[in-house]
Amino acid sequence: MASLTLENVRKSFGPTEVIHGVDIDVKDGEFIVIVGPSGCGKSTLLRMVAGLETVTSGTVSIDGRVVNGVEPMDRDIAMVFQNYALYPHMSVFDNMAYGLKIAKTPKPEIEARVAQAAKMLQLEPYLQRRPRELSGGQRQRVAMGRAIVRKPAVFLFDEPLSNLDAKLRVQMRLEIKTLQRDLGVTSLYVTHDQVEAMTLADRMIVMNGGVADQIGAPLEVYANPQTAFVAGFIGSPP
Ligand code: ADP
Ligand code: MG
């Protein structure tokens, strides 16, 4: 486990600045949800934490160590994407084992970790299947499994449920909450769905146009929105 700190983080694409100085302090084991409309910069922020985008200025630190410039594989972070990004030609087992193989983890250790994650995520019967032979919810679990087996210090989620139907989304939301309770991994979770944010977050961050408008416990943000944008966004129906 680890803390995660962003200090005055900015991002420009060419001449256009899209993240305008964001400060976030995620405590050890805390689950923070970033919520905001499409295009406000959620994915870009997460990708900078993951090392998939460079930081134009400011710092990203994990456990007090600045990681700007550190390769994604060396950041002790695992990311779950919206489109799952599974390898279609690989079995569920191989999809989950992939990152560990790259990291040259010994085979028995890989098998033990995949078995443990498969059990936790109810994927044991599907380990030899290909992603196309799974339902949307099962694919989503494989993507989670692939992150869990790496035992990262920090989890990043980018709208992991947005491709699921409404019923499955509710179920997976509960499963993520249970996993979070069991694993307690420091997490940054991005969504455009304020219900997801309200139910999952220890603290939530409302983003608007590249700025963190408000940070606080869900009920506190709900009861005491600090900008008109936050009031409108949190108050609007899902
Ligand atoms: P969100 O995830 O909240 O929908 P994004 O982080 O994807 O928002 O995008 C934030 C802004 O940055 C948008 O205006 C988007 O068009 C712009 N943007 C994102 N990625 C790139 C890129 N690679 N090149 C240029 N502009 C980008
Ligand atoms: Mg996005």
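This report describes the fold, the ligand surroundings, the nonpolar core and two backbone features of a predicted protein model.

## Overall fold

The protein chain contains eight helices and ten strands. Its radius of gyration is 18 Å, close to the 18 Å that the globule rule gives for 238 residues, so the chain is as compact as a globular protein of that length. Measured out along the principal axes, the C-alpha trace spans about 50 × 40 × 30 Å.

Of the 238 residues, 37% count as buried. Among contacts with a separation of 6 or more, 67% are made by residues 24 or more positions apart.

## Annotated domain

An unreviewed UniProt entry carries the annotation "domain: ABC transporter", which covers residues 4-234. Over residues 4-234 the chain is 37% helix and 26% strand. The C-alpha atoms at the two ends of this stretch are 25 Å apart.

## Surroundings of ligand 1

The residues around ligand 1 are Phe13, Val18, Gly36, Ser38, Gly39, Cys40, Gly41, Lys42, Ser43 and Thr44. By type, this shell divides into three nonpolar, six polar and one charged residue.

Helix α1, formed by residues 42-50, gives the most to the shell, with three residues.

## Nonpolar core

The largest nonpolar core has 64 residues. Within this core, Ile32, Val33, Ile34, Val49, Leu156 and Leu188 touch the most other members.

Leu188 illustrates how distant parts of the sequence meet in space. When its neighbours within four places in sequence are left aside, Leu188 is in contact with Leu4, Val26, Ile32, Ile34, Leu46, Val49 and Leu156. Ile32, Ile34, Val49 and Leu156 thus appear both as contacts of Leu188 and among the core residues that touch the most other members.

## Two residues with positive phi

Most residues other than glycine have a negative phi. Asn8 has a positive phi of about 45 degrees although it is not a glycine. This residue, Asn8, is placed in strand β1, which runs over residues 4-13. Asn8 is exposed, with 12 other C-beta atoms within 10 Å.

Gln122, also not a glycine, has a positive phi near 55 degrees. The position of Gln122 is in the loop between α3 (107-120) and α4 (136-148). Gln122 counts as exposed, because it has 12 C-beta neighbours inside 10 Å and a residue with 12 or fewer is classed as exposed.

Conventions:
Residues are numbered from 1 along each chain as its sequence is written. Chains are lettered from A and ligands numbered from 1 in the order in which they are written. This is a predicted model: local features need pLDDT of at least 70, side-chain atom pairs count only at pLDDT 80 or more; totals for chains, interfaces and linings use all residues. Helices (H or I, at least four residues) and strands (E, at least two) are DSSP runs, numbered from the N terminus. The radius of gyration is taken over C-alpha atoms; the globule rule is 2.2 Å times the number of residues to the power 0.38. A residue is buried if 20 or more other C-beta atoms lie within 10 Å of its own, exposed if 12 or fewer, and partly exposed in between; C-beta atoms are placed from the backbone. Two residues are in contact if their C-beta atoms, placed from the backbone, lie within 7 Å. UniProt positions are given in the numbering used here, feature names are shortened, and annotations may be inferred rather than shown by experiment. A residue is near a molecule or strand if its C-beta atom, placed from the backbone, lies within 6 Å of it. Ala, Val, Leu, Ile, Met, Phe, Trp, Tyr, Cys and Pro count as nonpolar, Asp, Glu, Lys and Arg as charged, and the others, Gly among them, as polar. A nonpolar core is a set of buried Ala, Val, Leu, Ile, Met, Phe, Trp, Tyr and Cys residues joined through C-beta atoms within 7 Å.
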